[in-house]
Amino acid sequence: MQNLIDIKGVTHAYKTKHGPLPVLDNLNLAVPEGEFAAVVGPSGCGKSTLTRLVAGLMKPDRGEVWLHGELVKSPRKTVGMAFQNPVMLEWRTILENVILPLEIVAPTMPKAQKEARAVALLEMVGLKGFETKRPSELSGGMRQRASLCRAIVHKPDVLIMDEPFGALDNFTREDLWQTMRDLRAKEPFTCVLITHDLRESVFLGDQVIVLSGRPAHTQYVLNVDLPADRTIDILYEPKAVEMLHLLRDQIRIAQGRDGDIH
Amino acid sequence: MEQLQKIGVPLAAIIAFLAIWEFIVWVNGWPNYVMASPSDLPAAYAKFWNLFLVMGWQTLWRTILGLAIAVLFGTLLGMVMGFSKIARDALYPLLVGFNAIPKATLVPVLALLFIGQHDFNTVLMAFLISFFPIAVSVGIGLSTLEPEYRDILRALGASRFTIFRKIALPKTLPEFFGALKVAVTLAFIGTNLVEIVSPHGRGLGALFKSGETNGDYPLMFAVLIALAFLGIVLYYGVVALEKIFAGWAERPAS
Ligand SMILES: Nc1ncnc2c1ncn2[C@@H]1O[C@H](COP(=O)(O)OP(=O)(O)OP(=O)(O)O)[C@@H](O)[C@H]1O
Ligand SMILES: [Mg+2]
C-alpha cells in the first residue's frame, strides 16, 4: 500500500536570538492510507513543529514531506487541522464556524449543501441543537467537538491534530476518543494525532510513534494490533497494558531518564 | 420593566441635572448675563428654531462626512501598519507627533490654505482630528492577531486577502468600534472648533458665536444644550452600529 503521508529525513531548526535551536533531527514517519498515527514525545521536543511542517505552514530546513505522492511546498486544501486550542471565531455561530473551511475549499457549493453537511457532522459528535449558538455559550469540550467537525467538514484526506483533547477532563476525553473512532468508521481519513496521553495513543492509533527529546527523531514505532472497533475496556486488557508499559519506558528514554526507572 | 429602566434612568438623571442647574442659578440670584437657567431656554429655541434646524444640520453632516473619511483613511492606514512592521516603525512617530499638535493651531493654517472653503475646511478638520484612534486600533488589532486564528485558514491555502476578510477584519471590529466612539466625539469637536473660530462660519458653532456677539446669553446656552444633544445622537448612532456589527462581542452579564 502507498504511504499517504511520508516524512523523509526532516531536519529543522528555529532561528532565535541565541542562535539556531535544532528542533527536529532526521525525523522519519510513514502513514499508509486510512491509518491513524499517534505521535508521543517529551514536552517541547518539536511535536507542534512537526504538524506545521506536514500542513505546509512551514518548510523544513532539510528533508521532505510527501502527501499523496506529492512534495509539500505550501498548504493544501485536502488537509484538515485541529489545534490544542479549539480556536472558534466568536462572531460566527457554531454552524458558521464549522462551514468556514468549505467557504475556502468549495466556494461554489450551495449554502444549503454546506449547511447540511455541517449539521450532519454536528449531530454525529453530539452537538445537535447547538447550531445557532455562539462559541462562548459552549463548554470547552463542546467547542473541541465543534473544532473537530470544522477540521473534517471539507472531507480532507489528511487530518492533523495537535493535542486536541489535551485541555479536557478525563471523562470528556474518553468520550471524544469514541467520537473519533466512530467518525473514522463513517468517513475514512489518514490521521496524525499529537498527544501526551499514552492511553489515547493506544486507543486511537494504528501505530504509535515515540519521538526522542529535542531535537526529535523517530525513536520507536509501535504497531497497535488491536481490533478497529475498540472500546475503552480494551485498555485494561493485558495486551494493551503491556503496550502502555512499553511506551512508558520509551518515553523515559526519550526524556533521558532511562537510568532512574524504579 | 428592563426597557423602562433603560430609558427611565438616564431620563431621570437629565431631569435631575436640569433641576439642580435651575436651583443653583435661582439660589445665587444670577442674572441672565452671568448664567442662563434652563427655564430661559425654551424661549430661545422658540425664537430661533429655524436657525437651530439649519445650523444643526450643517454641523451634523460635516461631522459625519469628516468621520466617514476618517474611517476610510484610518482603516487603510491601520491595515498598512498592521501588516507591515516597517510601515509601523516608520509611521508611528509621525502619527503620534501629528496627534500631539493642538488642533486649534491648525484652524488658521487651514483657513489660509483653503481660503473661503468653509465647508471643506470644517470637514477636513473633523477628519484630521479623528482618524488617529481608528488607525491605531485597527493597526494594533491586526498586528496582535493570534497566529492560531490565521492558521485555521492558512492551512487550507487561503490567500492573505481572504484571511483578512474572514478573520482579521471581523476580529478587530470590537476594537474598531471602541475607537469609533472616541473618534465621533473628536470629529464633533473638530467641526465646532472651525465653526466657532473661523469668521463667517456656519453651523451651531457659528450660532454660538453670534449669541456671544449679540450678548444673547440664553441663545448661547441653548446652543450648548443643542450641541450636547447632537453629540449624544452621534454617539448612540455609533453604539447602534456596534450592536449590529459587533454585537457578538458583548458577553451576557453574569
Ligand atoms: N516560532 C518559534 N520560534 C522559535 N522557537 C520556537 C518556535 N516555536 C517553537 N519553538 C521552540 O521549539 C521547540 C519545539 O516546539 P514545539 O512547539 O514544536 O514543541 P512541542 O513538542 O509541540 O511541545 P509541547 O508538548 O509543549 O506542545 C521548543 O523548545 C520551542 O521553544
Ligand atoms: Mg505543542
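This report covers a ligand site, a sheet, one helical chain and two buried residues in a predicted model.

## The shell around ligand 1

Ligand 1 is surrounded by 13 residues. The closest are Gly46(A), Lys47(A), Ser48(A), Thr49(A) and Arg214(A). By class, six residues of the shell are polar, four are nonpolar and three are charged.

Three elements of chain A each supply at least two shell residues: β1 (3–16), β2 (19–32) and α1 (47–54). The largest share comes from α1(A), with three residues.

## Polar contacts to ligand 1

Two side chains reach oxygen atoms of the ligand. A polar side-chain atom of Lys47(A) lies 2.7 Å from an oxygen atom of ligand 1. For Arg214(A), a polar side-chain atom is likewise 2.7 Å from an oxygen atom of ligand 1. The backbone takes part too: a polar backbone atom of Gly44(A) is 2.9 Å from a ligand oxygen.

How much of ligand 1 does the protein cover? On its own, ligand 1 has 630 Å² of accessible area, and the protein covers 62% of that.

## The sheet in chain A

Chain A holds an open sheet of four strands. The order is β2-β1-β4-β5, and the pairing is antiparallel. The edge strands are β2 and β5 (70–71) of chain A. Each has a single partner strand, so one side of each is left without a neighbour in the sheet. Strands of a sheet pair through backbone hydrogen bonds, in either a parallel or an antiparallel sense.

The pairing of β1(A) with β2(A) is antiparallel and runs over 10 bridges. Within it, Lys15(A) stands opposite Pro20(A) of β2(A). Both β1 and β2 of chain A also supply residues to the shell around ligand 1.

## Chain B: a helical chain

Chain B has nine helices and zero strands. From the N terminus on, its elements therefore read α-α-α-α-α-α-α-α-α under the DSSP assignment of helices and strands. Its C-alpha atoms fill a box of roughly 70 × 55 × 30 Å along the principal axes.

Of its 254 residues, 43% count as buried. Sequence-distant contacts feature strongly in the count: among contacts in chain B with a separation of 6 or more, 72% join residues 24 or more positions apart. The accessible surface of chain B is about 14000 Å², and 73% of it belongs to carbon and sulfur atoms.

## Two buried residues of chain B

Ala155(B) sits in the loop between α6 (147–154) and α7 (160–197) of chain B. Is Ala155(B) buried or exposed? Ala155(B) counts as buried because its relative accessibility is 3%, and the cut-off for buried is under 20%. Residues of chain A lie against it. Ala155(B) touches Leu57(A), Pro75(A), Arg76(A) and Met81(A), leaving out residues up to four places away in sequence.

Thr172(B) is placed in helix α7 of chain B. At 6% relative accessibility, Thr172(B) also counts as buried. Which residues does Thr172(B) contact, leaving aside neighbours within four places in sequence? They are Val138(B), Gly141(B) and Leu142(B). The side chain of Thr172(B) has a polar partner as well: one of its polar atoms lies 2.9 Å from the backbone oxygen of Leu169(B).

Terms used. Residues are numbered from 1 along each chain as its sequence is written. Chains are lettered from A and ligands numbered from 1 in the order in which they are written. This is a predicted model: local features need pLDDT of at least 70, side-chain atom pairs count only at pLDDT 80 or more; totals for chains, interfaces and linings use all residues. Side-chain values use heavy atoms; hydrogens and water are left out. A residue is near a molecule or strand if one of its heavy atoms lies within 4 Å of it. A polar contact is a pair of N or O atoms within 3.5 Å; within protein, one must be able to donate a hydrogen and the other to accept it, and residues adjacent in sequence count only if both atoms are side-chain atoms. Accessible areas come from the Shrake-Rupley method with a 1.4 Å probe; for residues, only the protein chains shown count as cover. Ala, Val, Leu, Ile, Met, Phe, Trp, Tyr, Cys and Pro count as nonpolar, Asp, Glu, Lys and Arg as charged, and the others, Gly among them, as polar. Buried means under 20% relative accessible area, exposed over 50%, partly exposed in between (1.4 Å probe, protein chains only). Contact means heavy atoms within 4.5 Å. Two strands pair if DSSP finds at least two bridges between them.
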